[in-house]
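Student: I would like a close look at a single part of this model rather than a tour of everything. Please set out the whole chain briefly, then go through that part residue by residue.

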Amino acid sequence: MSTDPDPFEQGQRAARENIPAEANPYQDGSEQHALWASGHERIAMAREAGESEGT
């Protein structure tokens, strides 16, 4: 079992904590950077969709 942090999950956690996407800690162009950004975007998009439905 791997103990390495999952970049996708880290990105999701960052979005939940309102950390901006620009704070991605991984090198731009790396697979980890893309995974982190994808996780962050998933939460951010879901949050935006929920906010627009509530108004």
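Tutor: What follows goes from the whole chain to one helix and its surroundings.

This is a predicted model, in which local features need pLDDT of at least 70 and side-chain atom pairs count only at pLDDT 80 or more, while totals for chains, interfaces and linings use all residues. Residues are numbered from 1 along each chain as its sequence is written, and side-chain values use heavy atoms, with hydrogens and water left out.

The protein chain holds two helices and zero strands; helices (H or I, at least four residues) and strands (E, at least two) are DSSP runs, numbered from the N terminus. Its C-alpha trace spans about 40 × 25 × 15 Å along the principal axes. Of its 55 residues, 24% are buried, where buried means under 20% relative accessible area, exposed over 50%, and partly exposed in between (1.4 Å probe, protein chains only). The accessible surface comes to about 4200 Å², and 49% of that belongs to carbon and sulfur atoms; such areas come from the Shrake-Rupley method with a 1.4 Å probe, and for residues only the protein chains shown count as cover. Among contacts (heavy atoms within 4.5 Å) between residues at least 6 apart in sequence, 59% join residues at least 24 apart.

The chain carries 4 positive and 11 negative side chains, and the centres of the two sets lie 7 Å apart. Lys and Arg count as positive and Asp and Glu as negative, with His and the chain ends not counted; the place of a charge is taken as NZ of Lys, CZ of Arg, CG of Asp or CD of Glu.

Now to the part itself, helix α1, which covers residues 7-16. At its N-terminal end D6 acts as a cap, with a side-chain oxygen 3.1 Å from the backbone nitrogen of F8. That pair is judged as a polar contact, meaning N or O atoms within 3.5 Å; within protein, one must be able to donate a hydrogen and the other to accept it, and residues adjacent in sequence count only if both atoms are side-chain atoms.

The buried residues of α1 are P7, F8, G11, Q12, A14 and A15. They lie on the same side of the helix, because they cover an arc of only 160 degrees around its axis; the arc is that of the directions from the helix axis to the C-beta atoms. An α-helix has 3.6 residues a turn, so residues three or four places apart point the same way.

A14 belongs to this buried set, with a relative accessible area of 5%. Not counting residues up to four places away in sequence, A14 touches I19, W36 and H40. The C-alpha atoms of A14 and S38 are 11 Å apart, although 24 residues separate the two along the chain.

Q10 is also in α1. With residues up to four places away left out, Q10 touches P5, Y26 and W36, so W36 is a partner of Q10 as well as of A14. Between the C-alpha atoms of Q10 and L35, 25 residues apart along the chain, the separation is 9.0 Å.

H40 sits across from this stretch, in helix α2 (residues 31-53). H40 is buried, at a relative accessible area of 9%. Leaving aside neighbours within four places in sequence, H40 is in contact with G11, Q12, A14 and A15, and also with I19, P20 and A21.

Just after α1, N18 takes a positive phi of about 60 degrees, in a residue other than glycine. N18 lies in the loop between α1 and α2 and is exposed, with a relative accessible area of 60%. R47, in α2, touches N18 along with A15 and R16, residues up to four places away not being counted. R47 itself is partly exposed, at 31% relative accessible area.

Further points on α2 give its scale. R47 and E31 are 16 residues apart in sequence and 24 Å apart in space, C-alpha to C-alpha. E51, also in α2, is exposed at 51% relative accessible area, and its C-alpha atom is 17 Å from that of H40, 11 residues away along the chain.
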